[in-house]
Amino acid sequence: MSTVEESVVSFGPDQTLVGILTTPSADTPHAGIGCLLLNTGVNHRIGPRRVNVKAARRLAGSGIPCLRFDMTGIGDSKASSGREDYRQQQLADMRAALDQFQASTGLSRFVIFGVCTGAANALTLALADARVVGVLMFDGHIFPDKLMRLERKVRRWLAFPFNASLRRTYGPWRDWTGWLRSPTDANARARVVARLRGRPLAPESESTEIFAAGAQRYGAGDFARDLQTLLDRGVDVYIMHSAMLNIVDRNRNLLAQLRGQPCLERVRYRFWPDVDHTLTLLDAQRRLLQALEQWALEVSTAQRASPASPARGQAGEPARKPGIKPNCVSA
Amino acid sequence: MNPFYFGPPAHRLFGVFHPPAAGGPARAGVVLSPPFGHEAIRVHRFYRLLADRLARQGIGVLRFDYYGTGDSGGLDDDADLAVWASDLCEAHRELQRRIGGLPTSWFAARLGAAVALAAAPQSFPRVHRMLVWDPVVDGSAYLAELGVAQVDELDLAHCIPDPAWRRAIERDPQALSTESLGFSIPPRLREQILALQPSVAAPALPCPLVVVAREDDAASRQWCAAMGAAHPNAVLSRQAFEHSLIWTSNPFANNEVAPASALQYMLNELS
């Protein structure tokens, strides 16, 4: 990988959003597009497992500048002093990031990469801003059908007696066996009693419902409509899913509710049977980042063949002043 | 709050300087030394809030990432405790430069404590005081703990987890210790971590040390005894402190991102 440059940028209203701009070295041919890397949950801009840093350096090494930043209230960006709705604020932050990116690099076409909540935000931005020419969503929206959910349950039931690891992830099993192992342990007993009362002491899994605050119900039809909008605009849409929900994926199972919609056949789609949701294994990170780089370069090639220049954003707002604070580092 | 890069061009470090609030002169300084890997991500918010609150009390604070971590230059495979100790000294000098040479203390959590203990004798100007929180003093147990966390995470993140992962760490607690929760543990770092033992004292420190650890943390208790025996003149105190932060958890809503009691405790100790 060739040397890349990294610099701190502050932007947005009152310069309260913080990001790191990663740019190719002077001798690297530029690809003509930039990549915006989004927060995942409340993880700061380095991404889960520092994967955004690795992605930015890898893409910049291939001629694609990257901006990874913290949205309002996350990481090192300040909380908003305005009264905007949470989602409106996030969209405003992402558009400010594109404005900054454009002002810093002169680029006007961008691809977006988001994991989990970042994937949902990537879709929101792609719909709202015409500068977005590609969006890669890893473990974003899913719309499996009942058959797929049933298959998942059956697979887990069948594996349950023989797979101790699976049993450990099942809360009731953990609580009951914990009490049987230590019948005099007051905490273990309390957990079982709480189960019997129908009020378990600990959540079954990590809940991300906090991020759904203020969200309207978003169904398969909405998703299909949004995908179609992007495709009609010529946006390259890539949907990826990990093995969190099921170990196999046949005929785009995780989007089964969209079957019959023309958009489903037109998006890129990849299921990773051996990559987990949070990219825990280094090998999984490497393979995902390789796929990201390959896709971004393909988008770049396609954009070079397309003479039309996108508008600066559907709302037609002028880009803000750069407000860049250069502070370069060789990585 | 001022994010910036510092250090020589071939070894750039990322830092965030929190100047004293209200623009007045600082009355002291604190450098926050982060933990390793996922734990550093886990406490990012805690460190930011602690820095903000210390700054409100007139203290200049520098948070930073070691080389090969966070926003700093370098790769995962560059991880090296000796290099990180030099990084901490560099961050110390950077803060000193910004606050005019005022007494500067260090706060370090988990493996960051091992870095701080190694760096303290090299610090110039001399570090004023050190506060370490749940320090890693038993490297073997720490790697085993990371291995369990890694398997727990993999189990949760797969529809049908592979039982071989857990069997591997049950046979050998170090079996998966070449990486942890998405971060590489290169051989040199692994050796350095394994060299940390509760019976082995750190070099003599140039300043008072406060160890904050859970009441039942026998390893830190043993290590404090070893330090006292090796350095009879050392100014060392151990404080028992219980908290709800799970170092290896993801920063989701079901485990407090920055427990208020811990924040207040550290704030009281450092201000």
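These legends describe close-up views of a predicted model. Local features need pLDDT of at least 70 and side-chain atom pairs pLDDT 80 or more, whereas totals for chains, interfaces and linings use all residues. Residues are numbered from 1 along each chain, chains are lettered from A, and side-chain values use heavy atoms, without hydrogens and water.

**View 1. Nonpolar surface patch of chain A.** A:L147, A:L150, A:V154, A:W157 and A:L158 together have about 560 Å² of accessible area (Shrake-Rupley method, 1.4 Å probe, only the protein chains shown counting as cover). Patch residues have over 30% relative accessible area and no salt bridge (Lys or Arg side-chain nitrogen within 4 Å of an Asp or Glu carboxyl oxygen); nonpolar side chains are joined within 5 Å, like charges within 9 Å. A:L150 belongs to helix α4 (residues 146-159) of chain A and is partly exposed at 46% relative accessible area. Partly exposed lies between buried (under 20%) and exposed (over 50%), with a 1.4 Å probe and protein chains only.

**View 2. Open sheet of eight strands in chain B.** The order is β1-β2-β4-β3-β5-β6-β9-β10, with mixed pairing. Helices (H or I, at least four residues) and strands (E, at least two) are DSSP runs, and paired strands share at least two DSSP bridges. β1 (2-6) and β10 (236-240) of chain B are the edge strands.

**View 3. Strand β6 (residues 130-133) of chain B and its neighbours.** B:M130 and B:V132 point one way, B:L131 and B:W133 the other, and all are buried. β6(B) runs parallel to β5 (residues 104-109) of chain B, joined by four bridges, and B:L131 is the bridge partner of B:F107. With β9 (residues 209-213) of chain B, β6(B) also pairs in the parallel sense over four bridges; there B:L131 is partnered by B:V210.
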